[in-house]
Amino acid sequence: MDASKAIIETVDRLRQRRTAPLVLELDLTEGVTEGPPADPLSAVLSMRRARLTDLLSGLRRAAADSRVKALVVKVGGRPLGLGTVQELRAAITRFRSSGKLTVAFAESFGEFGAGTVPYYLATAAERVYLQPSGDLGLTGIAMEQRFLRGALGKVGVEYQLGQRHEYKTAADMFTQERMTEPHRESLTRIAGSVTEQIVSAVAASRRLDVATVRGLIDQGPFIGAEAVEHGLVDRLAYRDEVYDEVLAAAGEGAHLQFVSRYSRGALAKRLPKPGEPVVALVHGSGPIRLGRSGRGPFGGGGSMGSDTICAALRAARRDEHVKAVVFRVDSPGGSYVASDAVWREVVLTRKTGKPVIVSMGDVAASGGYFVSMAADVIVAQPGTLTGSIGVLGGKPVVGGLLDRLGVGVETVREGANAGMFSTAEAFSESQWERVNAWLDRIYDDFVTKVAEGRGLDRDRAHELAKGRVWTGADAHGGGLVDELGGLTDALALARKKARLPEDATVRVYPRLNPLERLRPPESSEDRSAALARVRLEAWGPLAGLATTLGLPAYGPLQLPGTWTIS
């Protein structure tokens with residue numbers, strides 16, 4: 001009898017859970033991953049981080065789901081890039097417009113630190129709550145550049161670097177002692193553009209004047225009570241108080257569920273029909289390199305390999321069920337040759353009549369712009385960092401350091417320029433001429449393809465190029481970006497151009513079954529050739545330090561250091 005009662009109670013609980021009001025939870029404390037894991041180890045390393053596509057599709061479905069009553073956004077933890085923040089902010093705003101309750105909660109928006117971007121994300125919600133002990137680090141945007149020329153000179157290291165042109169400032173950290181005027185001009189405009197975007201959005205969400213918000217930024221940071229007093233936060237409350245309030249508002253028996261779990265549950269209920277037309281989604285993240293995409297042994301150091309991306313684009317192009325391709329690019333650039341190989345596959349895909357839409361993430365600059373520029377349409381967030389249409393190249397010369405350390409270097413060579421890339425000695429005059437000819441060729445090819453792909457006069461393309469980094473908003477004004485928006489907008493545009501229904505299936509390419517993942521590829525044309533690999537030589541979490549120290553990077557089309565605004 002007791003066993004029967006227990007079974008009945010269990011069935012009742014499950015039934016109630018399936019029919020009870022839902023409160024969705026968007027927990028961003030562990031960050032967000034861009035695409036699906038490339039291998040089982042990647043899946044384990046990122047298992048606690050939600051996928052951006054799951055969050056966007058889940059929020060879109062939830063807005064029309066009568067069972068979903070509210071959304072709680074937990075802000076904090078790992079910083080998110082500005083492009084990702086704007087992507088999520090737009091999704092939360094769309095959900096809010098359905099009339100359902102949205103609440104953002106944080107223990108602190110920066111604990112004695114900057115919190116402008118996390119707070120900007122939180123203001124997409126109708127109500128913003130802060131833990132009583134928390135702070136609001138609304139302090140604005142700062143972009144810091146460090147210069148190593150003086151320090152390197154003291155130890156006998158000099159750099160021979162060429163750049164095209166004055167705004168391609170990656171070399172400046174090694175060759176200058178302070179910002180050049182073009183460098184300062186570029187960073188000033190980026191900071192100004194981002195600040196304009198944040199101020200206008202916060203003012204609209206919090207029902208404050210733009211001038212008031214701009215003035216408050218100059219007064220920050222704020223302790224919690226001050227944030228409430230100025231109308232930046234609605235109430236000070238602990239997590240249990242916030243969640244109890246939202247669950248009570250949702251109705252009796254309301255059930256809490258992560259957005260990512262809700263999204264996957266909804267997808268599982270809709271089994272794809274055999275042979276149905278689809279939109280292919282190809283992810284390209286990290287520095288661009290020749291060969292296959294990879295990641296560091298501990299989950300860091302992810303790269304966009306040309307072999308992987310080209311194979312994915314070929315697979316989508318040759319699949320008769322694929323009617324359009326969305327290429328998601330989140331990359332600071334890298335190898336010119338690898339970028340050109342990917343560019344070619346985008347061109348070939350378009351020639352089949354399948355529209356290619358590029359969706360830019362936090363950063364799609366230099367080589368990241370190169371792989372994007374041939375698309376039918378480029379979609380970027382206002383805060384995406386893009387452009388940087390330019391090139392740099394050269395080497396550190398450590399002969400002085402070796403002398404000081406008592407290290408002797410002798411070289412046997414056959415060929416006048418056989419040792420030109422040695423860091424023990426400087427370029428000769430004739431070798432430096434070859435370096436400059438190489439830089440000129442790459443820059444000319446880059447700008448020519450920009451002009452062709454974007455429908456610009458070449459002189460106008462050159463004016464927009466010169467190595468300058470633009471925000472998505474400014475790039476849109478100059479014609480380098482076609483539309484402002486995120487991945488959801490790019491997918492909607494792809495469906496529209498391919499004349500597919502608004503709910504047409506999106507599939508990540510290449511799609512591989514378990515057997516294809518295990519067996520070696522038959523050739524470079526095989527879909528399984530697109531699998532990523534673990535690269536033990538990747539710098540992983542030390543990539544930023546490696547770049548700062550001038551260690552070998554991925555190529556001449558890359559931004560210096562870290563360009564994510566978070």
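**Exercise 1.** In this predicted model, find which residue of strand 5 stands opposite Leu71.

*Solution.* Start by locating the two strands: strand 4 covers residues 68-74 and strand 5 covers residues 101-106. They pair in the parallel sense, over five bridges. Now look across from Leu71, and you land on Thr102 in strand 5.

**Exercise 2.** Place strands 4 and 5 in their sheet, and work out which strands sit at its edges.

*Solution.* Read off the strand order: 10-6-5-4-1-11, six strands in an open sheet with parallel pairing. Then check the two ends. Strand 10 and strand 11 (255-258) each pair on one side only, and that makes them the edge strands.

**Exercise 3.** Say which strands helix 4 and helix 11 lie across, and give an angle for each helix.

*Solution.* Take helix 4 (residues 82-96) to begin with: it lies across strand 1 (22-27), strand 4 and strand 5. Against strand 4, helix 4 runs at about 150°. Next up is helix 11 (residues 239-250), which lies across strands 1, 4, 5, 6, 10 and 11. Helix 11 runs at about 170° to strand 5.

**Exercise 4.** Take the salt bridge between Asp54 and Arg264 and decide whether each partner is buried or partly exposed.

*Solution.* A search of the whole structure turns up 25 salt bridges. In this one, the closest N and O atoms of Asp54 and Arg264 are 3.0 Å apart. The pair links distant parts of the chain, with Asp54 in helix 3 (residues 52-63) and Arg264 in helix 12 (residues 259-269), 210 residues apart. Now the accessibility: Asp54 has a relative accessible area of 5%, so call it buried, since the cut-off is under 20%. Arg264 comes out at 39%, so it is partly exposed.

**Exercise 5.** Do the same for Asp234 and Arg206.

*Solution.* Their closest N and O atoms are 3.0 Å apart. Asp234 sits in the loop between helix 10 (224-229) and strand 10 (235-236), while Arg206 belongs to helix 8 (residues 181-206), 28 residues apart. Asp234 is partly exposed at 36%, whereas Arg206 is buried at 10%.

**Exercise 6.** Explain why the salt bridge between Asp340 and Lys449 ties together parts that are apart in sequence.

*Solution.* Get the contact down: the closest N and O atoms of Asp340 and Lys449 are 2.5 Å apart. Asp340 lies in helix 14 (residues 336-351) and Lys449 in helix 17 (residues 429-454), so the bridge ties together parts 109 residues apart in sequence. As for burial, Asp340 is partly exposed at 23%, and Lys449 counts as buried at 11%.

Definitions and conventions
Residues numbered from 1 in each chain as written. Predicted model: local features only at pLDDT ≥ 70, side-chain atom pairs only at ≥ 80, totals over all residues. Heavy atoms only, no water. Salt bridge = Lys/Arg side-chain N within 4 Å of Asp/Glu carboxyl O. Helix = DSSP H or I, 4+ residues; strand = E, 2+ residues; numbered from the N terminus. Buried < 20%, exposed > 50% of the residue type's maximum accessible area, 1.4 Å probe, protein only. Pairing = 2+ DSSP bridges. Contact = heavy atoms within 4.5 Å. Axes fitted to C-alpha atoms, helices over the stretch in contact; angles between N-to-C directions.
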